[in-house]
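Reader: I would like to learn how to read a structural model with care, feature by feature. Could you take me through one?

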Amino acid sequence: MDLAERRGMETDVYQPATDSRLLAEAAIDRLSDRPTGRVLEVGTGSGYVAGQVRSALEWDVVASDLNPNACLEARDRGLDVVRGDLVEPFGAERFDAVVFNPPYLPTDPSVERDDWMEVALSGGPSGRAVVEPFLETVRRVLRPDGVVLLLVSSLTGMSDVTELAGDAGFSAIAVTTESFPYESLTVLELIQ
Ligand SMILES: C[S@@+](CC[C@H](N)C(=O)[O-])C[C@H]1O[C@@H](n2cnc3c(N)ncnc32)[C@H](O)[C@@H]1O
C-alpha cells in the first residue's frame, strides 16, 4: 500500500492500522516484564497505542503529537496529552519507556501535500526524516534503564535505522516482525 492508497482515509488524524496494533502488542508484551513506570507515546494520533498500554498495564501513560487534531482525539480517550515536536516538550530522564510509530513512508518532495495526513505518513525522501531527529533526541528523556519501542518498516531501511540507533547510543533488538506483500513491519526495542 503506498502513500496515495493510505490517503483513502480522508481524515486529519491517523486511525489505528496494522502498524498501530503491532506496536501496541509489542509494547504491552515488553513493558509487562518491567516494573511499573512512566511511558510516553510520541506521535499518538488517535491515542490508540497509548490507550491500549494504559488499559493493559499499570503504567503512567503520557501521549504527545504535533497535530492538534490528534491531541484532541487522544484527549477524548481520557489520555494525558501534550502537543509538541517529538520529545522537545519533556524534561530530562522523565520516562522509563518511549514508544513511537513514526511517519515512515519514503515520499517524493514534489508530491508532498501540506496537510496533517502528510505529517502522519511521510518520512521524506529517505523515509527517515522524522526517525532521525527522534533517535538523536529521545535518549535525553529516558531514565538510565529506559527503553524505546520503535515501529520500523522495511521501506524505511532497517539497517539504516539500526545504524542511526547505534550512533545515538542504543543497541537494537527486533521484538516482532510481520510481513506483507508491500512491506514488512518490525518493532525494534532500543536499549541504552
Ligand atoms: C503513523 S502515525 C501513528 C499514529 C498512532 N501512533 C498510531 O500508531 O496509530 C504518526 C503520528 O506521528 C505524528 N507526528 C509526525 N511528526 C511528529 C513530530 N515531529 N512530533 C510529534 N508527532 C509527530 C503524526 O501527527 C501522527 O499522528
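Author: The turns below go from the ligand to a loop, then to a helix and to charged pairs. Please keep in mind throughout that this is a predicted model.

Reader: Let me begin with the ligand: how many residues surround the ligand, and which are the closest?

Author: A good start is to list the neighbours and then to look at individual atom pairs. Here 18 residues surround the ligand, and the closest are Ser-20, Glu-41, Gly-43, Asp-65 and Asp-85.

Reader: Which atom of the ligand is 2.8 Å from the side chain of Glu-41, and what part of Thr-44 lies 3.4 Å from the ligand?

Author: In such pairs one should ask whether the protein atom belongs to a side chain or to the backbone. With Glu-41, an N or O atom in the side chain is 2.8 Å from a nitrogen atom of the ligand, and with Asp-85, a polar side-chain atom lies 2.7 Å from a nitrogen atom of the ligand. With Thr-44, a backbone N or O atom lies 3.4 Å from a ligand nitrogen. As for cover, the ligand has 590 Å² of accessible area on its own, and the protein covers 97% of this area.

Reader: Where is Leu-86 found, and is Leu-86 buried or exposed?

Author: For a loop residue, one reads the position, the accessibility and the contacts together. Leu-86 is found in the loop between strand 3 (80–83) and strand 4 (95–100), and Leu-86 counts as buried because its relative accessibility is 13%, where buried means under 20%. Setting aside residues up to four places away in sequence, Leu-86 touches Val-42, Ser-64, Phe-100, Val-130, Pro-133 and Phe-134. Glu-41, one of the residues closest to the ligand, is 45 residues from Leu-86 in sequence, with a C-alpha to C-alpha separation of 9.6 Å.

Reader: What is the sign of phi in Leu-86, and where is Glu-93 placed?

Author: Leu-86 has a positive phi, near 50°, in a residue other than glycine. Glu-93, although not a glycine, also has a positive phi, of about 55°, and its place is in the loop between strand 3 and strand 4. Glu-93 is partly exposed, with a relative accessible area of 48%.

Reader: Which residues of helix 3 are buried, and what covers them?

Author: For a helix, one notes the buried residues and then the elements that cover them. In helix 3 (residues 48–56), Tyr-48, Val-49, Ala-50, Gly-51 and Val-53 are buried, and their cover includes helix 2 (18–31), strand 1 (38–42), strand 2 (60–65) and strand 4. An unreviewed UniProt entry annotates residues 39–100 as "domain: Methyltransferase"; over that range the chain is 29% helix and 32% strand.

Reader: How many salt bridges does a search of the whole structure find?

Author: Side chains of opposite charge can pair when their charged atoms come close. The search finds 6 salt bridges, and one pair joins Asp-96 to Arg-143 at 2.8 Å, N to O. This pair links distant parts of the chain, with Asp-96 in strand 4 and Arg-143 in strand 5 (residues 142–153), 47 residues apart. Asp-96 is buried at 14% relative accessible area, whereas Arg-143 is partly exposed at 29%.

Reader: Which residues are linked in a network of salt bridges?

Author: The network links Arg-30, Asp-33 and Glu-189.

Key
Residues are numbered from 1 along each chain as its sequence is written. This is a predicted model: local features need pLDDT of at least 70, side-chain atom pairs count only at pLDDT 80 or more; totals for chains, interfaces and linings use all residues. Side-chain values use heavy atoms; hydrogens and water are left out. Helices (H or I, at least four residues) and strands (E, at least two) are DSSP runs, numbered from the N terminus. Buried means under 20% relative accessible area, exposed over 50%, partly exposed in between (1.4 Å probe, protein chains only). Contact means heavy atoms within 4.5 Å. UniProt positions are given in the numbering used here, feature names are shortened, and annotations may be inferred rather than shown by experiment. A residue is near a molecule or strand if one of its heavy atoms lies within 4 Å of it. A polar contact is a pair of N or O atoms within 3.5 Å; within protein, one must be able to donate a hydrogen and the other to accept it, and residues adjacent in sequence count only if both atoms are side-chain atoms. Accessible areas come from the Shrake-Rupley method with a 1.4 Å probe; for residues, only the protein chains shown count as cover. A salt bridge is a side-chain nitrogen of Lys or Arg within 4 Å of a carboxyl oxygen of Asp or Glu.
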